[in-house]
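Let's take a walk through a protein together and look at how charged side chains pair up. Keep the 3D view open as you read.

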Amino acid sequence: PEKLKPTDVIVATKSAAVSFVDFIMMTGQYQHMASPPYVPGLEFSGDVIWVGSKVTHLSVGDRVMSDFMTVGPRSKGDYQSSGGWASHVVAPQTGLRRLPDYLSYDQGASFLANFETAYFALVKRANVQAGETVLITGASGASGMAMVQIAKLLGATVIVSGRSSEKLQAAMTQGADLMIAQDQCADDMAPLSFMRETTRAATSGRGVDVVIDTVGGETGYAAMRSLKFEGRMVIVGWASNVSADGGRKTFEPDRLPTNIMQMKCLQIMGSPMVIYSMANPDWRAHQLSEIIGWADSGKISPHVSLSAPAEEFQDLAAAKLGGGVVGSCVL
């Protein structure tokens, strides 16, 4: 402790998220790279065991969760090396928030990144309005489950897509209205044609107002084809390009057909939540206020389906990369 800053805090880690961002960052695929040596672990929660002399809003014994933009591999500055996959983390007091009583340690390690990603995509980029229909690809993932909850709060009809009807059933329990699972597709129809035909049937042939795409590849293409005239598509991620060992499946970027964008008068938008929020702190303050207010009132809650001790990391990583996790998983 004598080497630490007076505004530093030491946290004994209880839970740390295992996220796709960690894997794609470690394998060189992310737009932001932490400088080695660093500890992965985008988000974490735990107990405060030491505070510096100038720490004003935290005390020893407090339950806390991290702010991934201030501490850990997605942050910038002195605390980038301080990720959650460790027994203890040194963080600035500004990088920690008290963990509300209604959130477990596991949920606290799975909260801000997922719900901020969802809020930014749905509110800032897509500007979803009550009564619109939203198609969310990869909806059984951690951010996908958050997307479902927020889209329903905004008054949208929510269609979720994915490979497994069993996994998508969890999204239905979060409020989704219709699921499109590839394992429901008839043998004589291609799964991606099944997505387009099902969305058109559900919208009386019109198509969906908004697509939130977390998968990319052929799924992203099929979802784009499911949009109505003047529809909006928000690109959040490309999970389909991450292989089971964490590497790239291809070194070529995803490609979407510009002729369809032109003929259907589509809006195709990126959703770089972290980059935008760092450049616009006033927007992030508004975003956080909305999300925390919803959580305080019980309207949103992280969905954690899998946890394991740190020594079982390889099994947990394999489950996450293999698509076997619904919602979040934590060490």
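**Charged pairs on the inside**

E132 and R232 are both buried. This is a predicted model, so please read every distance here as a computed value. Side chains of opposite charge can pair when their charged atoms come close. E132 and R232 make such a pair: they form a salt bridge, with their closest N and O atoms 2.8 Å apart. E132 sits in the loop between α3 and β6 (133-137), while R232 belongs to strand β10 (residues 227-235), so this bridge ties together parts that are 100 residues apart in sequence.

Now turn to another arginine, R284. Which residues are linked with R284 in a network of salt bridges? They are D67 and E116. Let's take the two contacts in turn.

The side chains of R284 and D67 meet in a salt bridge, at 2.9 Å from N to O. Try tracing the chain between them: R284 is in helix α10 (residues 281-296), and D67 is in the loop between β3 (63-66) and β4 (88-92), so the pair links distant parts of the chain, 217 residues apart. Are these two residues buried or exposed? Both R284 and D67 are buried.

R284 also forms a salt bridge with E116, where the closest N and O atoms are 2.8 Å apart. This pair links helix α10, which holds R284, with helix α3 (residues 112-125), which holds E116, across 168 residues. Like R284, E116 is buried.

If you would like to keep exploring, a search of the whole structure finds nine salt bridges, including the ones between R284 and D67 and between E132 and R232.

Conventions: Residues numbered from 1 in each chain as written. Predicted model: local features only at pLDDT ≥ 70, side-chain atom pairs only at ≥ 80, totals over all residues. Heavy atoms only, no water. Salt bridge = Lys/Arg side-chain N within 4 Å of Asp/Glu carboxyl O. Helix = DSSP H or I, 4+ residues; strand = E, 2+ residues; numbered from the N terminus. Buried < 20%, exposed > 50% of the residue type's maximum accessible area, 1.4 Å probe, protein only.
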